[in-house]
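Work through the exercises below with the model open in your viewer. Try each task before you read its solution.

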Amino acid sequence: MVLGFEVDTINSVQFSNHTGYEHWKGQVLTADELNVLYEGIKLNDVNHYDYVLTGYTRDYSFLDMVVDIVQELKRANPSLVYVCDPVLGDNGAMYVPENLLPIYRDRVVPAADIITPNQFEAELLSGRKIHSEKDAVEVMNLLHSMGPDTVVITSSDLPSPLGDQYLVALGSQKKVRTDGSMVTQQIRMDIPRVDAVFVGTGDLFAAMLLAWTHHHPDLKMACEKTASVLHHVIKRTMTYAHEVAGPNRRPSPAQLELRMVQSKADIENPAVVVNAVIL
């Protein structure tokens, strides 16, 4: 909305708070409930979209329904872009039911135009381990062959040439030139590490990538702006959290809630502080 997009939001989960807290309560939207909402949109003939963005989902049938809806929306608007954050897990462990992997791999990823997995998710989806930058490029090419034109591995365990205080992210985009030939641009970003656990950074990354790829067809610039927004939001959040927690005290989940409203200016026009290197 801040960047000029009109947004219709459907909550796949309706929770009292995010799951980084000790307790949470709420409901999970079922496939049938999603279908009812979509039917209402369709009956009023307002099912005309330029983008669809999906993230955390726990239910197989819900994901199945999402793909059906995306395919129908693409029939209405063949230039619709589907951005999928395939939330499966991190740090070697899945935090969604294991039966979601086959549907992500076989139905969701082939329907997507842009995907934003972390390293663990990229390995699960491709069936290949990443031990080097070369492996990562091969995995991104494998993921391209499954459907998406743009693949961004949002975080990895790969060593950064800038040292262990940096996290490596990688991106790859296939584009058709005006003469009909295909060109692939691949980039690496070295992003400053922060010693804290945040909830929502993956959602923010996917949303920003959608927005900045819309404004910048060049993947390098879109990724630089996306990562820079993340950097500014996290830096502001950490400053606030440490102020509120007090000296030598670890901030609580409530204190580490991303300072989104306070970062409005950075979201709209981020100073580029993370640079991408073309591989």
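**Exercise 1. Judge the overall build of the protein.**

Task: What share of the 279 residues counts as buried, and what radius of gyration does the protein have?

Solution.
- Start with burial. In this predicted model, 44% of the 279 residues are buried.
- Next, take the radius of gyration. A compact globule of 279 residues would have a value near 19 Å; the protein has 19 Å, so the two agree.
- Add the dimensions. Along the principal axes, the C-alpha atoms fill a box of roughly 55 × 50 × 35 Å.
- Check the contacts. Among those with a separation of 6 or more, 66% link residues 24 or more positions apart.

**Exercise 2. Describe the surface and the charges.**

Task: How many positive and negative side chains does the protein have, and how far apart do the centres of the two sets lie?

Solution.
- Take the area. About 14,600 Å² is exposed, and carbon and sulfur atoms supply 52% of it.
- Count the charges. There are 23 positive and 35 negative side chains.
- Locate them. The centres of the two sets are 5 Å apart.

**Exercise 3. Trace the sheet.**

Task: In what order do the 7 strands of the open sheet run, and which are the edge strands?

Solution.
- List the elements. The protein has 8 helices and 11 strands.
- Read the order. The open sheet runs S3-S4-S7-S8-S9-S10-S11, with mixed pairing.
- Find the edges. S3 (51-54) and S11 each pair on one side only, which makes them the edge strands.
- Inspect S9 and S10. S9 (residues 166-176) and S10 (residues 182-192) are antiparallel, with 11 bridges.
- Look at their turn. The hairpin leaves 5 residues between the two strands, and glycine 180 there has a positive phi of about 95°.
- Match residues. Tyrosine 166 has proline 192 in S10 as its bridge partner. Valine 168 stands opposite aspartate 190 in S10.
- Move on to S11 (residues 276-278). It runs antiparallel to S10, joined by 3 bridges. Here arginine 188 stands opposite valine 277.

**Exercise 4. Place threonine 30.**

Task: Where does threonine 30 lie, and is threonine 30 buried or partly exposed?

Solution.
- Locate the residue. Threonine 30 sits in the loop between strand S2 (26-28) and helix H1 (31-43).
- Classify the residue. Buried means under 20% and exposed means over 50%. Threonine 30 has 35% relative accessibility, so it counts as partly exposed.
- Relate the loop to S9. The C-alpha atoms of threonine 30 and valine 168 are separated by 36 Å, with these positions 138 residues apart along the chain.

Conventions
Residues are numbered from 1 along each chain as its sequence is written. This is a predicted model: local features need pLDDT of at least 70, side-chain atom pairs count only at pLDDT 80 or more; totals for chains, interfaces and linings use all residues. Side-chain values use heavy atoms; hydrogens and water are left out. Helices (H or I, at least four residues) and strands (E, at least two) are DSSP runs, numbered from the N terminus. Buried means under 20% relative accessible area, exposed over 50%, partly exposed in between (1.4 Å probe, protein chains only). The radius of gyration is taken over C-alpha atoms; the globule rule is 2.2 Å times the number of residues to the power 0.38. Contact means heavy atoms within 4.5 Å. Accessible areas come from the Shrake-Rupley method with a 1.4 Å probe; for residues, only the protein chains shown count as cover. Lys and Arg count as positive and Asp and Glu as negative; His and the chain ends are not counted. The place of a charge is taken as NZ of Lys, CZ of Arg, CG of Asp or CD of Glu. Two strands pair if DSSP finds at least two bridges between them.
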